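Me: I would like a close look at a single part of this protein, worked through in one connected account. Please begin from the question I put below the structure.

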Amino acid sequence: MGVNAFEVGGVIFDGGHAGAGDEPFAPSSFQTPSRIPPIITRLTMTPQWQVSLFYPEGVVVAGEDELDFFRRELPLRTLESLQTLAYAYHGVAPAIVEGDLRTLGHALRQIHSVGFKKRELAQQSHEVRTLLSELQAIETVAAGMSSLGPLIYAITESHNQAANTDIRAIAVAAGVDVVPARPTDSGYRIEPSA
């Protein structure tokens, strides 16, 4: 997903890397794929949504630690993989197409409760898990943890002042800065310096 999102932007569902079947799972930083994963679906978020980013005190899993995490937690049981796919394709994708933030929030909560995302979240700090839980408790916010964390994102409607005030209050209580961002569907851009 990363390289495709960097190139073309948007919300990307890709086909992953084809494996030989007997190769152990590993993070992308430990692989040399022969091709870029094919884009299965590319969606654009509604411009009425905004994204807030939070970087709480958490566990940074990289390098050999990330490789160990993959070896310990993978492969997943088939049912968990199928549940995650169902939440993504029958929850996240239609919610983005329809601009339905409540359904998106519900689907993200489900994804974080099963499979690999559940395991990623479980190895995070109490601060990260608490911040995510508090954000996910707001009905008009769709929140999740990016990859292995500790980066947390929250999606709200730009005009929803109540939700945005709640988000700021949660961040202040947690001692975390809020970094505003906007979804983009144009991929990377190089902008001239001022």
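Which residue of β6 does Val51 stand opposite? Please then describe the sheet around this pair, with its connecting loop and its covering helix.

Reply: Val51 stands opposite Ala181 in β6. The model is a predicted one, and the description below proceeds from this pair to the sheet, then to the hairpin, and finally to the whole chain.

The pair belongs to the junction of β3, residues 49-54, with β6, where the two strands run in the antiparallel sense and are joined over three bridges. This junction is part of an open sheet of four strands, whose order is β4-β5-β3-β6 and whose pairing is antiparallel. The edges are taken by β4 and β6 (179-181); each has a single partner strand, so one side of each is left without a neighbour in the sheet. On average, and with direction ignored, neighbouring strands of this sheet are turned by 25° against each other.

At the other edge, β4 pairs with β5 in the antiparallel sense, here over four bridges. One of the contacts in register is that of Gly144, whose bridge partner in β5 is Tyr153.

The surroundings of β4 deserve attention. In a regular strand, side chains alternate between the two faces of the sheet. In β4 both faces are covered: Ala142 and Gly144 on one side are buried, as are Ala143 and Met145 on the other. Buried here denotes a relative accessible area under 20%. Thus β4 has a single partner strand in the sheet, while residues on both of its faces are buried. Helix α6, residues 126-136, lies across β3, β4 and β5, and runs at about 165° to β4.

The connection from β4 to β5 forms a hairpin with six residues between the strands, and within this hairpin Ser147 takes a positive phi near 50°. Ser147 has this positive phi although it is not a glycine. Its side of the picture is completed by its exposure: Ser147 is partly exposed, with a relative accessible area of 49%. The loop between β4 (142-145) and β5 (152-157) also contains Pro150. The peptide bond that leads from Gly149 to Pro150 is cis, with omega near 5°. The loop between β4 and β5 therefore holds both Ser147, which is partly exposed at 49% relative accessible area, and the cis bond to Pro150.

A cis peptide bond also joins Leu74 and Pro75, with omega at about 5°. Pro75 lies in the loop between α2 (63-73) and α3 (78-98).

As for the setting of this part, the protein has seven helices and six strands. From the N terminus on, the elements follow the order α-β-β-β-α-α-α-α-α-β-β-α-β. Among contacts with a separation of 6 or more, 73% are between residues 24 or more positions apart. For 194 residues, a compact globule would have a radius of gyration near 16 Å, and the protein, with 17 Å, agrees with this. Its C-alpha trace spans about 50 × 40 × 35 Å along the principal axes. Of the 194 residues, 37% count as buried. The accessible surface comes to about 11300 Å², of which 55% belongs to carbon and sulfur atoms.

How values were computed: Residues are numbered from 1 along each chain as its sequence is written. This is a predicted model: local features need pLDDT of at least 70, side-chain atom pairs count only at pLDDT 80 or more; totals for chains, interfaces and linings use all residues. Side-chain values use heavy atoms; hydrogens and water are left out. Buried means under 20% relative accessible area, exposed over 50%, partly exposed in between (1.4 Å probe, protein chains only). Two strands pair if DSSP finds at least two bridges between them. Axes are lines fitted to C-alpha atoms, for helices over the stretch in contact, and angles run from 0 to 180 degrees between N-to-C directions. Contact means heavy atoms within 4.5 Å. The radius of gyration is taken over C-alpha atoms; the globule rule is 2.2 Å times the number of residues to the power 0.38. Accessible areas come from the Shrake-Rupley method with a 1.4 Å probe; for residues, only the protein chains shown count as cover.
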